[in-house]
Amino acid sequence: MRKYVFVGEQEEASVKFSVVIPAHNEEKYIGSCLDSIAAAAAAYPGQVEVIVVLNRCQDGTEQIARDYNCVIVQNDMKNLSQIRNAGASRARGEILVTIDADSRMTEKMLLEMERHLETGSYIGGGVSARFERVSLGIILSTILLIIPMLFKYGAISVGIFWCYKKDFDAIGGFNDQILMSEDADFALRLKKWGIQNGKKYGTIKKAQMITSCRKFDQGGDWILVRRPQLIMAYLKGTDRKYADEAYYEDQIR
């Protein structure tokens, strides 16, 4: 029997962290993601809620989320910004966190987020990350994407975002005009908001995100070497064809 630590929607509680997870047919991954959040939440009993935004799910994702006492939100839009914003709109916590269903956080993640924010020096930020496996193809594909993204968005970290809910609301959340790279756009706008308020955009290094390689498993480790048009689609951010391929249409999960 699992020990559940997440605060349910109907429970009266002083919620410190609201963790938002967009989920489209994620039954193979979301249990591990939720287990990792539960381990990180052990330091905050009764203070962490997890909001799972179900997006056109036709598998067991919803039941898994309910088994973990998650808050359930339905959103059928093919737009990750709108999906994440739908979850954030239900958040009760002082600190908002976003993570993808096929990623995991290490045990000290929430502690590190609170430690950074309590200094008063950070507006929020991203985290250090690693893939669950590495190959030469994955390394080269990642470099080919990171370099042009660096020129467009500057030095930012993505993956898992963390900030005070009030600052998320102040910048309007995720930009729903963007279908791809909405995370980089969010990071840049949060960074600029921090500069306006005399704060830094931080990268948590004493905890990590571990993410799946499912896009490489499906398309091959050399996918961005073989298909540079995908890199252009990430840079453009509004290409519906490639956005559907990458995120919104049913893939082998």
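# Close-up views of a predicted model

**View 1. An open sheet of eight strands.** The strands of this open sheet follow the order β3-β2-β1-β4-β7-β6-β8-β5, and their pairing is mixed. Two strands stand at the edges, β3 (71-74) and β5 (103-105); each has a single partner strand, so one side of each is left without a neighbour in the sheet. On average, neighbouring strands are turned by 30° against each other, direction ignored. Please keep in mind, as you look through these views, that the model is predicted.

**View 2. Strand β6 and its two partners, β7 and β8.** Let us begin with β6, which spans residues 122-131, and β7, which spans residues 161-164: these strands pair in the antiparallel sense over two bridges. Here G125 stands opposite W162 in β7. Helix α7 (residues 182-196) packs on the sheet, where the helix touches β6, β7 and β8 (200-211). The direction of α7 makes about 35° with that of β7. In which sense do β6 and β8 pair, parallel or antiparallel? They pair in the parallel sense, over nine bridges. In β8, the residue opposite G125 is G202.

**View 3. Strand β5 meets β8.** Now follow β8 to its pairing with β5, which is antiparallel and runs over three bridges. A residue pair to look for is R104 and I210: R104 stands opposite I210, which belongs to β8. Recall that β5 is one of the strands at the edges of the sheet, with a single partner strand.

**View 4. The largest nonpolar core.** How many residues does the largest nonpolar core have? There are 41 of them, and the ones with the most contacts inside the core are I51, F168, M180, F186 and L190. A second, separate core has 37 residues, including A23, C70, L117 and A207. Back in the largest core, L190 is a good residue to centre on. Leaving aside neighbours within four places in sequence, L190 is in contact with I123, G124, G125, W162, C163, I171 and Y201. Two of these contacts, G125 and W162, are also the residues that stand opposite one another where β6 and β7 pair.

**View 5. Aromatic rings F168 and F186.** The structure holds seven aromatic pairs. One of them joins F168 and F186; the pair is tilted, with 5.6 Å centre to centre and 45° between the planes. F168 lies in helix α6 (residues 165-170) and F186 in helix α7, so this pair ties together parts that are 18 residues apart in sequence. Are these rings buried or exposed? F168 is buried, with a relative accessible area of 5%, and F186 is buried too, at 1% relative accessibility. Ring pairs also link F161, F168, F174 and F186 into a cluster.

**View 6. Charged ends over rings.** From the cluster, pick out F174: the charged end of R84 sits over the ring of F174, 5.2 Å from its centre. Another view of this kind shows R214, whose charged end sits over the ring of Y29, 4.9 Å from its centre.

**View 7. S81 and its surroundings.** S81 has its place in helix α3 (residues 80-88). The relative accessible area of S81 is 0%, and the residue is buried. Which residues does S81 touch, not counting those up to four places away in sequence? They are F174, N175, D176, I178 and E182. F174 is the ring that carries the charged end of R84 over it.

**View 8. Two residues with positive phi.** Most residues other than glycine have a negative phi. N69 has a positive value, near 65°, and S181 has one as well, near 60°. N69 is placed in the loop between α2 (61-67) and β3, while S181 lies in the loop between α6 and α7. N69 is partly exposed, with a relative accessible area of 29%, whereas S181 is buried at 2%.

**View 9. E245 in helix α11.** Our last stop is E245, which has its place in helix α11 (residues 240-248). E245 is partly exposed, with a relative accessible area of 35%. How far apart are E245 and L230 in space, C-alpha to C-alpha? They are 9.9 Å apart, with their places 15 residues apart in sequence numbering.

Notes. Residues are numbered from 1 along each chain as its sequence is written. This is a predicted model: local features need pLDDT of at least 70, side-chain atom pairs count only at pLDDT 80 or more; totals for chains, interfaces and linings use all residues. Side-chain values use heavy atoms; hydrogens and water are left out. A nonpolar core is a set of buried Ala, Val, Leu, Ile, Met, Phe, Trp, Tyr and Cys residues joined through side-chain atoms within 4.5 Å. Buried means under 20% relative accessible area, exposed over 50%, partly exposed in between (1.4 Å probe, protein chains only). Contact means heavy atoms within 4.5 Å. Two strands pair if DSSP finds at least two bridges between them. Helices (H or I, at least four residues) and strands (E, at least two) are DSSP runs, numbered from the N terminus. Axes are lines fitted to C-alpha atoms, for helices over the stretch in contact, and angles run from 0 to 180 degrees between N-to-C directions. Rings of Phe, Tyr and Trp (its six-membered ring) pair if their centres lie within 6.5 Å; planes under 30 degrees apart count as stacked, over 60 as edge-to-face and the rest as tilted. A charge sits over a ring if NZ of Lys or CZ of Arg is within 6 Å of the ring centre and within 35 degrees of the ring normal.
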